[in-house]
Amino acid sequence: MNTFRSSQLILLVLAIVFYSCQTKEKYPDDVLWYAQPASKWMEALPLGNGRIGVMAFGDPKTEHIQLNDDSLWPGKSDWGGTPGTKEDIEKIRALIFAGKNDEADALFVQKFSNKSILRSHQTLGDLYIDFGHENVTDYRRELNLSNATFTTTYRVNGQLFSEKVIVSHPDEAIVIELESESGLNGSIAMSRPMDHGKPTARTTALGDNLLQMSGEVTQRGAVFRNEPSPITSGVKFSTQLKVKNADGKVTAGDSTLHFTDVKKATIYLSTNSSYYHEDFQQQTEKDLAAVSAKDWADIWEAHVADHRSLYDRMHLEVTQNSLDSLATDQRLARIKAGDLDPGLESILFQYGRYLLIGSSRLGTNPANLQGLWNNKLEAPWNADYHLNINLQMNYWLADATNLGELNTPLFDYIDRAIENGKTTARENFGCRGSFLAHATDLWAPSWLRSNTAYWGCSMGAGGWIMQHYWNHYLYTQDEEFLKNRAFPAMTQLTQFYSDWLTEDPRDGTLVSIPSTSPENRFINDKGKAVATCAGSAMDQQIIAELFDNYLKACEILQVDSPLFKTVKQQRAQLRPGFVIGSDGRILEWDREYKEFEPGHRHISHLYGFHPGSAVSIEHSPEIFKAVKKTLDFRLENGGAGPGWSRAWLINCSARLFNAAMAYDNIQELLKRSIADNLFDEHPPFQIDGNFGYTAGVTEMLLQSHEKGIIRLLPALPDNWKTGHITGIHARGGLEFDIFWERTLLKEVTIRATKDAAFRLVYRKKDKDIELEAGDEITLTF
């Protein structure tokens with residue numbers, strides 16, 4: 001169990017001051033607002049403290065607050081690994097080299113996949129507050145991203161009503177303040193959906209102002225290996241709600257609370273689960289007693305200070321044609337009709353940061369496919385963890401947007417998955433180290449799952465996720481983190497791939513085999529649509545990156561091990577991950593095959609370009625050019641459908657320094673994949689598109705992935721004429737405030753937390769910069 005709790009530029013140096021003395025300008029709050037209540041879940045607005053969250057509807061008749069807990073999963077059950085062995089892998093390799101890819105696909109699934117799985121993250125339930133309000137006027141519903149506060153205000157027969165909702169991190173509670181000039185009359189209830197007709201929770205009134213909902217997560221519709229496999233036990237939880245009313249009366253029914261003539265009340269809700277606490281019931285009682293002893297003002301003040309300590313570190317503003325007087329859904333509708341709204345594009349950027357703060361805090365689980373906001377017992381794709389891009393995309397923004405510590409839940413989780421993956425590596429693949437599957441869940445199983453090889457039989461997931469450990473080190477320059485956290489994890493995956501690689505008899509290079517390119521297929525020599533090959537571009541690029549980073553880490557930490565020596569030799573023999581085909585595009589598989597789906601949503605064969613850093617216009621111009629041609633071909637054939645794929649294209653466009661391409665894809669994302677509450681949907685809702693968009697905008701405004709180079713405004717759109725971004729981070733322990741006017745760089749402030757030397761590049765001009773830890777410089781242009 002977890003425990004919760006700058007030689008051509010004219011530059012003027014204006015100031016060098018100690019970093020800690022720097023203060024940020026106070027900017028207006030970022031707000032989403034609407035003139036009507038939410039009529040469905042995808043219109044409701046999210047709040048969260050990392051572990052618990054809500055979706056608030058703002059309904060005057062019956063307010064609906066849908067409740068979330070990141071640990072609500074059915075039990076581990078007795079689901080085991082797969083029967084595949086090292087001998088089976090050798091058979092699959094022989095089939096691939098013999099051109100029998102279809103047979104290799106089938107054998108891979110048969111021996112190494114647990115096929116279709118249904119075991120899902122689940123909703124905590126629902127809180128309903130019956131107001132029964134009619135004759136409502138002056139309605140406004142808003143989510144203040146800067147304060148993490150949901151507010152609904154309106155008049156009932158001319159009398160003012162207000163509701164405020166927060167999910168406090170300091171107080172580990174959901175807190176609601178209600179005020180009504182005319183007095184409230186109604187009821188409060190909590191419930192949880194039935195699981196295939198079976199109750200999953202019981203709600204009782206424990207007194208005139210206290211409700212309790214307790215239950216256990218089950219999954220009666222669970223599926224394992226394509227067969228029904230009901231799960232009748234799981235994480236247990238206890239949720240308690242307390243009402244403090246200043247006037248009027250609150251009384252209890254059997255499972256509800258009733259209020260009469262209450263003009264002001266505060267509702268406190270605490271919840272805990274057996275995943276985090278053995279004594280979860282007692283912990284809930286303790287949390288509720290502590291928070292309910294405080295008044296709203298004190299709780300809200302602490303909540304806002306905590307949230308702003310993260311949120312206010314960074315600010316993006318594009319000061320053009322402000323449309324704040326229009327409701328958010330109206331602004332989005334204008335975009336879908338062809339208008340532009342740079343202000344809403346800025347808010348959507350901040351929204352990604354807001355959502356990460358709300359779904360990933362120290363001590364919690366990492367953000368899943370839906371962050372933590374899920375209203376179902378059987379969520380799309382189980383609202384689990386997908387490691388063939390989705391979980392990684394969730395955290396692309398963290399370090400760059402000044403939220404580096406929010407990576408910690410990801411590292412905690414992956415460390416746990418690595419331990420589980422040691423068994424799979426050894427027993428199924430005959431390798432040392434650890435294997436990570438492309439899809440997993442709260443319990444971090446390391447076996448593969450899928451009915452098809454092209455979707456589920458992916459070998460690159462573990463190497464991909466190691467990039468996050470290395471990037472966090474690059475951003476922070478924290479050698480303790482590298483030594484004690486990143487290097488041990490990287491070593492386990494490096495060991496696995498070192499053992500996994502096989503010499504290709506066709507050319508003598510080392511390849512990953514069997515290998516696929518998620519989630520795509522090619523047409524083999526026999527005219528069949530197949531998935532497995534000997535060294536897909538993605539696998540080769542991932543392994544090359546991991547080996548390079550491992551070798552660099554060994555040098556930094558002065559490690560001279562047998563594995564270091566082996567990997568150094570293997571890296572020289574590794575088949576290149578970037579090979580240019582006869583038409584000038586990057587090959588996706590080991591040879592130049594016909595693509596089954598030329599416009600596929602995944603662009604996995606560009607991994608080493610982005611999110612990797614193996615390709616640069618200075619050192620690999622031919623590959624850089626081929627990347628652009630590859631992306632153009634994908635788009636010409638209908639690529640980039642769902643939100644996360646479009647977000648990936650924004651990032652890649654920025655890396656190509658193609659502002660127009662990036663901006664076009666921003667518009668497509670907004671038009672096709674953003675809901676009225678600004679959640680990314682395909683449909684259905686999947687939060688990686690939100691996180692990927694925010695990461696993409698950072699790449700448009702600052703890039704630091706090239707060794708010794710930092711680029712300013714590398715892909716600034718013409719439509720973002722004047723604006724700024726403050727608090728953006730670069731690799732090397734650096735923070736930047738960047739201001740531009742008429743699309744030209746005006747001023748940049750650079751703060752160094754570590755000694756740093758780099759080439760600062762803006763357009764075709766550059767200058768060498770050297771800073772000592774604690775320095776701050778401001779340069780004007």
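**Exercises: a helix pair, cysteines and a buried asparagine**

Helix 5 passes helix 17 in a left-handed crossing. The model is predicted.

**Exercise 1.** Describe how helix 5 and helix 17 pack, and state which residues make the contact.

*Solution.* Start with the geometry. Two packed helices are described by the angle between their axes and the distance between the axes. Helix 5 spans residues 328-336 and helix 17 spans residues 659-673. Their packing angle is about 115°, and the axes lie 9 Å apart. Next, list the residues. Helix 5 contributes Leu-332, Ile-335 and Lys-336. Helix 17 contributes Gln-667, Leu-670, Lys-671 and Arg-672. Last, sort them by class: three are nonpolar, one is polar and three are charged.

**Exercise 2.** Determine how many disulfides the structure has, then examine Cys-533 and Cys-554.

*Solution.* Searching the whole structure gives zero disulfides. Take Cys-533: its nearest cysteine sulfur belongs to Cys-457, 13 Å away, and Cys-533 is in no disulfide. Now take Cys-554. The closest cysteine sulfur is in Cys-431, at 19 Å, so the pair is too far apart for a bond. A disulfide needs the sulfur atoms within 2.5 Å. Then check burial. Cys-533 has 1% relative accessibility, so Cys-533 counts as buried. Cys-554 is buried too, with a relative accessible area of 1%.

**Exercise 3.** Is Asn-394 buried or exposed, and which residues does Asn-394 contact beyond its neighbours within four places in sequence?

*Solution.* First, place the residue: Asn-394 lies in helix 7, residues 390-394. Its relative accessibility is 2%. Buried means under 20%, so Asn-394 counts as buried. Finally, with those sequence neighbours left aside, Asn-394 is in contact with Leu-356, Ala-367, Asn-368, Ile-687, Asp-688 and Phe-691.

Notes
Residues are numbered from 1 along each chain as its sequence is written. This is a predicted model: local features need pLDDT of at least 70, side-chain atom pairs count only at pLDDT 80 or more; totals for chains, interfaces and linings use all residues. Side-chain values use heavy atoms; hydrogens and water are left out. Axes are lines fitted to C-alpha atoms, for helices over the stretch in contact, and angles run from 0 to 180 degrees between N-to-C directions. Helices (H or I, at least four residues) and strands (E, at least two) are DSSP runs, numbered from the N terminus. A crossing is left-handed if the near helix is turned anticlockwise from the far one by less than a right angle, and right-handed if clockwise. Contact means heavy atoms within 4.5 Å. Ala, Val, Leu, Ile, Met, Phe, Trp, Tyr, Cys and Pro count as nonpolar, Asp, Glu, Lys and Arg as charged, and the others, Gly among them, as polar. Buried means under 20% relative accessible area, exposed over 50%, partly exposed in between (1.4 Å probe, protein chains only).
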